[in-house]
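This briefing is meant to be read with the sequence and the 3D view side by side. It begins with one hairpin and the sheet around it, and then turns to a second sheet, the domains, the ligand and the overall form.

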Amino acid sequence: MLNRFFGRFSRDIAIDLGTSNTRLFVKEKGLVMHEPSFVAVNTRTNQILAVGHSAKDMVGKTPPHITTTRPLTKGVISDFEVTEKMLKYFVDAIHEDSGFAIVPRPRIVMGVPLEITEVERKAVEDAAIGAGAREVSLVEAPLAAAIGAGLPVEESIGNMLVDVGGGTVEIAVISLGGIVTWKSLTVAGDEMTKNIMQYARDVFNLLIGERVAETVKWRIGSTTDTGDRLEMEMRGRDLVTGLPRQVLVNEGQVREAMYKSVRGLIDNIKATIEVTPPELVADIYERGIVLTGGGALLRGLDRSIAKEADIPVRVAEDPTTATVRGLGTLLVNDVLLRDIALPSTGSDSSSR
Ligand SMILES: Nc1ncnc2c1ncn2[C@@H]1O[C@H](COP(=O)(O)OP(=O)(O)OP(=O)(O)O)[C@@H](O)[C@H]1O
Ligand SMILES: [Mg+2]
């Protein structure tokens with residue numbers, strides 16, 4: 001009876017712990033949470049004030065005793081304590097939603113970046129256990145993204161996936177359930193946002209916040225001339241007078257600002273293809289490259305890559321949730337999970 005009860009209400013969870021966003025997927029329910037990886041802390045009391053959207057909304061607007069932090073940097077945990085608290089907050093929120101006071105500890109499947117060290121991997125496992133997991137499985141994030149994008153990762157076919165996240169770009173060629181060639185870059189979406197901030201400083205003498213720069217990138221950012229001639233007002237502080245000022249910025253200027261970062265991304269895709277075995281390259285030429293992650297939404301990126309690499313490119317459906325949906329698939333496919341999960345670093349919930 002007890003087992004049936006637990007089996008029925010146990011919430012196995014897939015988590016994509018990203019530098020910019022964290023997503024949670026619950027077995028049989030689907031995507032249940034999609035929030036920025038931001039935490040606001042009161043430094044006087046060390047208490048968490050807000051997590052997710054509400055914490056991101058506070059960025060740049062806090063008094064000295066409140067800090068907004070992003071506990072992950074370039075795909076890996078940089079502040080363990082805050083990451084653990086953020087995860088616990090998200091996991092508890094799901095459990096509260098389930099309407100049961102006592103919920104058994106869930107099994108958690110998480111994605112991790114490719115070039116993660118053993119210590120960084122252990123930190124992810126420990127954070128999941130601290131957040132309440134009974135058991136943790138880790139999977140290479142691009143493999144999960146490929147599964148989420150519907151690619152036949154287990155077959156002997158070359159699949160090429162490029163995930164353009166906030167803190168990392170992961171380029172992977174996958175065949176037979178494993179990653180054959182890859183590159184992991186730390187110049188990703190957030191760096192493009194910084195490029196826009198730098199450009200505003202250099203060209204307009206204007207100091208703009210990260211939120212403003214990111215909005216500019218989303219609204220009018222592109223990698224190739226789209227013919228749309230988009231423009232928008234960008235507000236900030238004049239570096240000379242110290243007073244508020246707004247300038248009109250256009251699509252071409254934003255493209256110029258991000259040029260180097262986009263160039264590096266495309267060059268690394270080409271470099272990865274160059275070291276990929278020819279049989280797999282032939283498959284990739286035929287099947288194309290699939291883009292996932294929030295950066296895949298940058299207008300024209302698919303076309304720019306296709307033109308430069310001379311390979312068809314498509315953006316996965318709902319690219320920002322591909323990784324967590326792929327991890328979610330693994331919650332109901334034990335055989336595949338066993339095949340592709342990384343070996344455990346030995347974290348154990350019973351030791352807590
Ligand atoms: N429409 C858009 N146009 C351009 N960039 C976008 C758009 N939407 C989101 N992004 C960018 O995508 C990035 C976030 O992507 P995503 O949520 O996949 O990252 P993440 O998974 O949190 O990070 P990582 O995988 O690097 O740890 C941010 O830099 C964000 O600005
Ligand atoms: Mg990601």
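Strand 4 and strand 5 are joined in an antiparallel pairing that runs over four bridges. The model in which this pairing is seen is a predicted one. Within the pairing, valine 39 has valine 51 of strand 5 as its bridge partner.

**The hairpin and its three-stranded sheet**

- In the hairpin that strand 4 and strand 5 form, four residues lie between the strands, and asparagine 46 adopts a positive phi near 65 degrees.
- Strand 4, which covers residues 39–42, also pairs with strand 6, again in the antiparallel sense and over four bridges.
- In that second pairing, valine 41 is placed opposite threonine 67 of strand 6.
- Taken together, these strands make an open sheet of three strands in the order 5-4-6, with antiparallel pairing.
- Because strand 5 (47–51) and strand 6 (66–69) each have a single partner strand, they stand at the edges, and one side of each is left without a neighbour in the sheet.
- From one strand to the next, the twist of this sheet averages 25 degrees.

**The five-stranded sheet and the helices on it**

- A further open sheet has five strands, ordered 13-12-11-17-18, and its pairing is mixed.
- Its edges are formed by strand 13 (178–185) and strand 18 (313–315), each of which pairs on one side only.
- Ignoring direction, neighbouring strands in this sheet are turned against each other by 20 degrees on average.
- Strand 11 (residues 159–164) and strand 12 (residues 169–175) are paired in the antiparallel sense over six bridges, and asparagine 159 stands opposite isoleucine 174 of strand 12.
- Helix 5 lies across strand 11, strand 12, strand 13 and strand 17 (289–292), and its direction is at about 110 degrees to strand 11.
- Helix 8 (residues 251–274) also packs on the sheet, where it touches strand 11, strand 12 and strand 13, and its direction makes about 155 degrees with that of strand 13.

**Domains and their contact**

- The domain assignment divides the protein into domain 1 (2–38 + 73–144 + 322–351), domain 2 (152–187 + 269–319) and domain 3 (189–258).
- The centres of domain 1 and domain 2, taken over C-alpha atoms, are separated by 25 Å.
- To the contact between them, domain 1 contributes 18 residues and domain 2 contributes 21 residues.
- On the side of domain 1 that touches domain 2, the elements giving two or more residues are helix 5 (141–148), helix 11 (322–331) and helix 12 (334–340).
- By class, that side of domain 1 comprises eight nonpolar, six polar and four charged residues.

**The surroundings of ligand 1**

- There are 23 residues around ligand 1, and those that come nearest are Gly18, Ser20, Gly165, Gly189 and Gly294.
- Helix 6 (189–204) and helix 7 (210–220) are the elements that give two or more residues to this shell.
- Sorted by class, the shell around ligand 1 holds four nonpolar, 16 polar and three charged residues.

**Overall form**

- Counted over the protein, the secondary structure amounts to 12 helices and 18 strands.
- The radius of gyration is 21 Å, which is close to the 20 Å given by the globule rule for 352 residues, so the protein is as compact as a globular protein of that length.
- Along the principal axes, the C-alpha atoms fill a box of roughly 70 × 60 × 30 Å.

How values were computed:
Residues numbered from 1 in each chain as written. Chains lettered and ligands numbered in written order. Predicted model: local features only at pLDDT ≥ 70, side-chain atom pairs only at ≥ 80, totals over all residues. Pairing = 2+ DSSP bridges. Axes fitted to C-alpha atoms, helices over the stretch in contact; angles between N-to-C directions. Near = placed C-beta within 6 Å. Nonpolar A, V, L, I, M, F, W, Y, C, P; charged D, E, K, R; others polar. Domains from an automatic or database assignment. Contact = placed C-beta atoms within 7 Å. Rg over C-alpha atoms; globule rule 2.2 N^0.38 Å.
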